[in-house]
Amino acid sequence: MKEAINCLKTSLFTHASDVDEKKMANFKNVCLGVAIMFLHVQFGFHCGVSALQTVASKRLADDLLTNYGSRYVRPVKDVDSTLSVYFRAKPIWFADFDEARQVLSFVAANQYKWKDEFLTWNPDDYGGVTEINFGKDQIWFPDVTPYERVDTGPVDANMDETFLTVDYEGQVVYYNLAFYAIFCKMDVRLFPYDSHGCLIRFLAYSFEGDAVSLYYVNDSDSSENILKKNGVWSVSGYDIQEVETTYLCCPTPYREVYYTIYIRRESGFYVLNVGVPTVLLSLTTLSVFVLHPESGEKVSLCVNNVLALIIFQQLLATNMPPTGDETPIVAYYFVVVISISYLSVLTTCLTLGIYHNKAKRPLPKLLKLILYPGGCLSHRRVTDSSDGRGNRKGDTLVVNHAGMEDTGIVLSPGTVTTGATRIIPNQPMQPSVRSINRGSRRRHSEASAAAFETEWVHAAIRLDMIFFGLALSTMLLALAYCLFLFIYEMPNHV
């Protein structure tokens, strides 16, 4: 009996749970259907509105262009009125700065604003459409052109084409990216610490001043400096002015917008790749005078220095303006170093000729005066005369303490004696001395020749040291002069 009751309860509860699950599933299906119907209604409503607006926009564009007329005529109803055009060219990044041609290339974000009196409508007549887009070739567009432009193609030739936005009151707004290549006068005297102010004058070139006036879009977005570095140049700022300019061709002044972009060279690259090699080449030039003549590499080192300096100077000159009004200060130092290198070739040939001279005669008096201005001579010449008994009055009795005993040797007049010799002048010649004079004269002649050769060698080394001092002092004076010019002109630079 109990088992039957339990079985009945179990079947009843199971049937009730099945009924609840079925109700829940039906409720979910009903909710999902209602949501799908709501989305269909909303989507259809929006699609209908969008379709209506699209149709209205096309109808509006056709109506506006049908009655527009020529797009080359100013969009004003009063011919005597002046059309105001607001313009902004915000530089974004540098493309290139060709220093030899003095041409600055950069990309700018342009903005144009003006009112077209022939592009107005009532939004209620066109399904509530308040804005519409046109292409540049469909309506009038101001020909704002930079006066310093040097390229021949369209201003935005390499940029993507964008559309003009017109509202129902006739206000036209146009944004685009433009590529500019303009002439920028350079002042490279302070290279590589130079900075420049590139002036760009924008004007409506095809219209006189009383027809179109150009104004600057002065807002927070226009004053933001977003110009990025290109690795060589950085922007320190730019200035914008509205200027009225009168030209000889036209009595009415033109209203123009002047942009001045201030750029500064990043000097770190040039200090490492120009300054340091210049100093090292200067030291190499000085090392020519220190190198001993016996090394045999003095001439080749001189020629290699000259060639290295010329090649280095040519590489630097290719990046400089070829016909500039100003010469870089560092160029003066280059001229001095190259001149010293050229002269080092000549002086090296001179010193080598003196060093390897085998002449058995003393140094000329002029050369001695140059090399030894203090009168420090290593040899002494005596005069020649004779007495009445056949003996020469100028004969000199010599006692040599270096390689001989205390034996008196009479030398012929005019013989040069070395510093190791003690001279006893005006002594009479004895017969015993004459017997040994013949043999000692030959030995002394050989010693004198060796002394002359040593004298010429010392003169060559002495001449090298003199040239070294002159070259070093000249380089230091040139360096001091360049530093003075840098310090003097730096505050007056841009």
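Is W114 buried or exposed? W114 is buried, at a relative accessible area of 1%; buried means under 20% relative accessible area, exposed over 50% and partly exposed in between (1.4 Å probe, protein chains only). The model is predicted: local features need pLDDT of at least 70, side-chain atom pairs count only at pLDDT 80 or more, and totals for chains, interfaces and linings use all residues. Residues are numbered from 1 along each chain as its sequence is written, and side-chain values use heavy atoms, with hydrogens and water left out.

**Figure 1. Overview of the protein chain.**
The secondary structure comprises six helices and 13 strands. Helices (H or I, at least four residues) and strands (E, at least two) are DSSP runs, numbered from the N terminus. Of the 494 residues, 38% count as buried. Among contacts with a separation of 6 or more, 76% come from residues 24 or more positions apart. Contact means heavy atoms within 4.5 Å.

**Figure 2. W114 and its aromatic partners.**
Rings of Phe, Tyr and Trp (its six-membered ring) pair if their centres lie within 6.5 Å; planes under 30 degrees apart count as stacked, over 60 as edge-to-face and the rest as tilted. The count by this rule is 23 aromatic pairs. W114 and W140 form an edge-to-face pair, 5.7 Å centre to centre with 80° between the planes. W114 sits in strand 2 (residues 103-115) and W140 in the loop between strand 3 (131-134) and strand 4 (144-146), so this pair ties together parts 26 residues apart in sequence. W140 is buried too, with a relative accessible area of 2%. W114 also pairs edge-to-face with F141: 5.6 Å centre to centre, 85° between the planes. F141 lies in the loop between strand 3 and strand 4, so its pair with W114 of strand 2 ties together parts 27 residues apart in sequence.

**Figure 3. The aromatic cluster around these rings.**
W114, W140 and F141 belong to one aromatic cluster. Its other members are F87, F106, Y112, Y174, Y180, F202, F207, Y216 and Y259.

**Figure 4. Helix 3 against helix 4.**
Helix 3 (residues 298-317) and helix 4 (residues 329-355) pack at about 165°, with axes 9 Å apart. Axes are lines fitted to C-alpha atoms, for helices over the stretch in contact, and angles run from 0 to 180 degrees between N-to-C directions. The two helices are therefore roughly antiparallel. Angles under 35 degrees count as roughly parallel, over 145 as roughly antiparallel, 65 to 115 as roughly perpendicular and the rest as oblique. The crossing of helix 3 and helix 4 is left-handed; that is, the near helix is turned anticlockwise from the far one by less than a right angle, whereas clockwise is right-handed. Helix 3 residues in the contact include V299, V303, V306 and I310, and helix 4 residues include I338, Y342, V345 and L352. By class, the contact of helix 3 with helix 4 has 14 nonpolar, five polar and one charged residues. Ala, Val, Leu, Ile, Met, Phe, Trp, Tyr, Cys and Pro count as nonpolar, Asp, Glu, Lys and Arg as charged, and the others, Gly among them, as polar.

**Figure 5. Helix 2 against helix 3.**
The axes of helix 2 (residues 267-290) and helix 3 come within 10 Å and cross at roughly 160°. Helix 2 and helix 3 are therefore roughly antiparallel. Their crossing is left-handed. From helix 2, residues including V274, P277 and L281 meet helix 3 residues including L301, N305 and A308. The contact of helix 2 with helix 3 divides into 11 nonpolar, six polar and one charged residues.

**Figure 6. Helix 2 against helix 4.**
Here the axes come within 10 Å and cross at roughly 20°. Helix 2 and helix 4 are therefore roughly parallel. The crossing is again left-handed. Helix 2 contributes T278, S282, T285, V288 and F289; residues of helix 4 include Y333, I340 and T347. The classes are six nonpolar, seven polar and no charged residues.

**Figure 7. Backbone details at Q102 and P192.**
Most residues other than glycine have a negative phi, and most peptide bonds are trans. Q102 is not a glycine, yet has a positive phi of about 60°. Q102 lies in the loop between strand 1 (83-98) and strand 2 and is buried, at 7% relative accessibility. A cis peptide bond joins F191 and P192, with omega about 5°. P192 lies in the loop between strand 6 (171-183) and strand 7 (195-204).

**Figure 8. Y238 beside T260.**
Y238 belongs to strand 9 (residues 233-247). Y238 counts as buried, at 18% relative accessibility. Its C-alpha atom is separated by 5.3 Å from that of T260, 22 residues apart along the chain.
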